[in-house]
Amino acid sequence: MTSGPAPANAVPAGAEQSLRRTLLGPGYLRLLALCALLGVPIALACFFFVGLQHRFQHWVWTSLPEAAGYDAPPWWWPLPALVLAGLILAPIVTRMPGGGGHLPVNGLGGAPVGPRALPGAALAALATLPLGVVLGPEAPLMAVGSGLALLAVRRAGAAGDPRASAILATAGSTAAISTILGGPVPAAVLVIEGAGLGGAHLAALLLPCLLASAAGALVFTGFGEWTGLRIGALALQDVPPGANPDAGDFLWGVPTAALIAVLITLCRGLGHRTGSWTRHHTAVRTVACATAVGVCLAAYALITGRSPAEAALSGQAALAQLAAHPHAWSVGALVALVACKGLAWGIALGSLRGGPIFPAVLLGTATAMACSGLPGFGVTPALALGISAAAAAVTGLPLASAVLAVLLVGGEAYDQMPLIVTASVVAFVVTQLVRRTEPDAADGPGPGG
């Protein structure tokens with residue numbers, strides 16, 4: 001008597017035994033223990049890194065304008081701030097090892113940042129992001145995590161094992177980025193989807209990442225409560241109440257997700273062209289690009305009469321404000337925010353240093369909110385799909401983007417999950433279709449790319 005076909009999810013006996021040998025081997029168990037231990041110092045380093053960055057940011061955009069007699073930063077405030085950012089960044093990019101980190105237009109992927117390149121990446125982020133550079137802290141944090149992990153490997157005398165070094169570097173990066181993505185789960189999903197792994201390879205990489213990021217998140221949260229420092233995690237404390245998405249939400253939501261994908265892809269295309277332009281005469285052109293970013297931010301303030309801080313920086317604070325008070329922006333102000341911040345972000349992607357995800361999420365959310373006045377299109381569905389579509393477009397990781405949107409929207413996400421997933425898939429597909437016509441379309445997306 002012949003047996004029926006094996007279940008689709010059946011694991012071959014040989015693969016299961018191989019996985020068991022890997023997980024129970026003494027070398028792997030020591031690796032897990034080391035990852036758990038590494039999560040603590042990496043989280044502490046990231047805590048003070050982000051806390052210091054936010055102190056600088058508050059001083060530049062709140063304390064200093066008030067000391068100068070302004071209730072809010074005047075329209076011209078970004079101009080000297082971004083010129084200074086360019087002047088600081090130019091020698092870091094051209095003279096320090098590692099060039100201050102990789103270009104954000106290339107995503108979050110690429111080789112881990114080693115200990116030698118770590119000072120340049122940390123200095124570039126701490127010295128320029130608080131000045132209004134339209135980029136996020138996620139890439140510098142991953143650099144801190146991987147650099148510290150590789151440094152620990154060298155100190156422990158284990159640098160001769162390239163596989164262990166790669167796993168530890170990935171675990172360090174995951175522990176670092178989990179501190180601002182709401183915990184270990186979204187960071188681990190990002191690693192899974194970005195690595196494109198399966199089977200035993202997936203489990204062998206996922207467990208160290210989960211363990212390191214969980215330990216790091218615990219320490220990160222505890223230090224935040226103990227010190228009272230603001231750490232600026234990507235979180236939405238207040239979102240508008242919602243209901244089950246109906247036909248109108250899907251009718252407007254699908255083309256809105258496609259529009260977000262096109263806008264994000266166009267900005268990335270500008271980033272690639274800017275990156276090509278800054279390969280020559282890098283120092284001078286880096287300052288020129290930083291100045292152009294400042295002009296875009298000043299233009300937003302002039303057009304809308306609002307604070308230029310809304311268009312500057314990574315967009316974390318503006319995203320929280322937009323979610324809590326969605327009607328405080330007119331449609332014209334939202335369109336101006338998308339246009340000016342999108343142009344600034346595109347320029348920064350190819351010339352400055354930082355992470356690409358956070359500003360993209362704000363751009364997608366602002367685009368969706370501008371469309372939420374359409375008949376039958378709710379504010380909460382627009383918020384949810386804007387986050388999901390933008391994240392999928394900029395990262396190329398639809399599952400991780402949907403998970404991030406669910407965690408950010410919080411209790412209202414349960415009803416919005418069908419729309420969140422749909423928006424993520426639509427944005428991913430549209431992004432691939434648009435990028436296929438571009439010279440860089442052949443490049444692998446990788447995490448964040």
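This is a short walk through a few helices and residues in one structure. Before anything else, keep in mind that we're looking at a predicted model.

Okay, let's start with a pair of helices. Helix 9 covers residues 247-277 and helix 12 covers residues 331-349. They pack with their axes 6 Å apart, at an angle of about 40°. As for handedness, helix 9 goes past helix 12 in a right-handed crossing. So who's touching whom? On the helix 9 side we have Leu263, Ile264, Cys267, Arg268, Leu270, Gly271 and Thr274. Helix 12 brings Val338, Gly342, Leu343, Trp345, Gly346, Ile347 and Leu349. If you sort that contact by class, you get 9 nonpolar, 4 polar and 1 charged residues.

Cys267 came up there, and cysteines are something people at the bench tend to ask about. Cys267 is at 14% relative accessibility, so it counts as buried. Cys289 sits at 4%, and therefore counts as buried too. How many disulfides does a search of the whole structure find? The number is 0.

Now over to helix 2, which runs over residues 26-67. I picked out two residues here, Phe56 and Gln57. Buried or partly exposed, what is Phe56? Phe56 is partly exposed, because its relative accessibility comes out at 37%. Gln57, on the other hand, has a relative accessible area of 17%, and the cut-off for buried is under 20%, so Gln57 is buried.

What do they touch? Leaving out residues up to four places away in sequence, Phe56 touches Leu126 and Pro130. With the same neighbours left out, Gln57 touches Thr62, Pro130 and Leu313. So Pro130 turns up on both lists. And Phe56 with Leu126 is a nice case of sequence versus space: they're 70 residues apart along the chain, with their C-alpha atoms 8.2 Å apart.

Last stop, helices 13 and 14. Helix 13 is residues 357-371, and 15 residues at 1.5 Å each should span 21 Å, which agrees with its end C-alpha atoms being 21 Å apart. Helix 13 is mostly covered, with 15 of its 15 residues buried. Helix 14, residues 379-395, gets the length check as well: its 17 residues should span 24 Å, and the end C-alpha atoms are 24 Å apart, so that agrees. Here 17 of the 17 residues of helix 14 are buried. Then just after helix 14 comes Gly396, with a positive phi of about 70°.

That's my tour, happy to take questions.

How values were computed: Residues numbered from 1 in each chain as written. Predicted model: local features only at pLDDT ≥ 70, side-chain atom pairs only at ≥ 80, totals over all residues. Heavy atoms only, no water. Helix = DSSP H or I, 4+ residues; strand = E, 2+ residues; numbered from the N terminus. Expected span 1.5 Å × (residues − 1). Buried < 20%, exposed > 50% of the residue type's maximum accessible area, 1.4 Å probe, protein only. Axes fitted to C-alpha atoms, helices over the stretch in contact; angles between N-to-C directions. Left-handed = near helix turned anticlockwise from the far one by under 90°. Contact = heavy atoms within 4.5 Å. Nonpolar A, V, L, I, M, F, W, Y, C, P; charged D, E, K, R; others polar. Disulfide = S-S within 2.5 Å.
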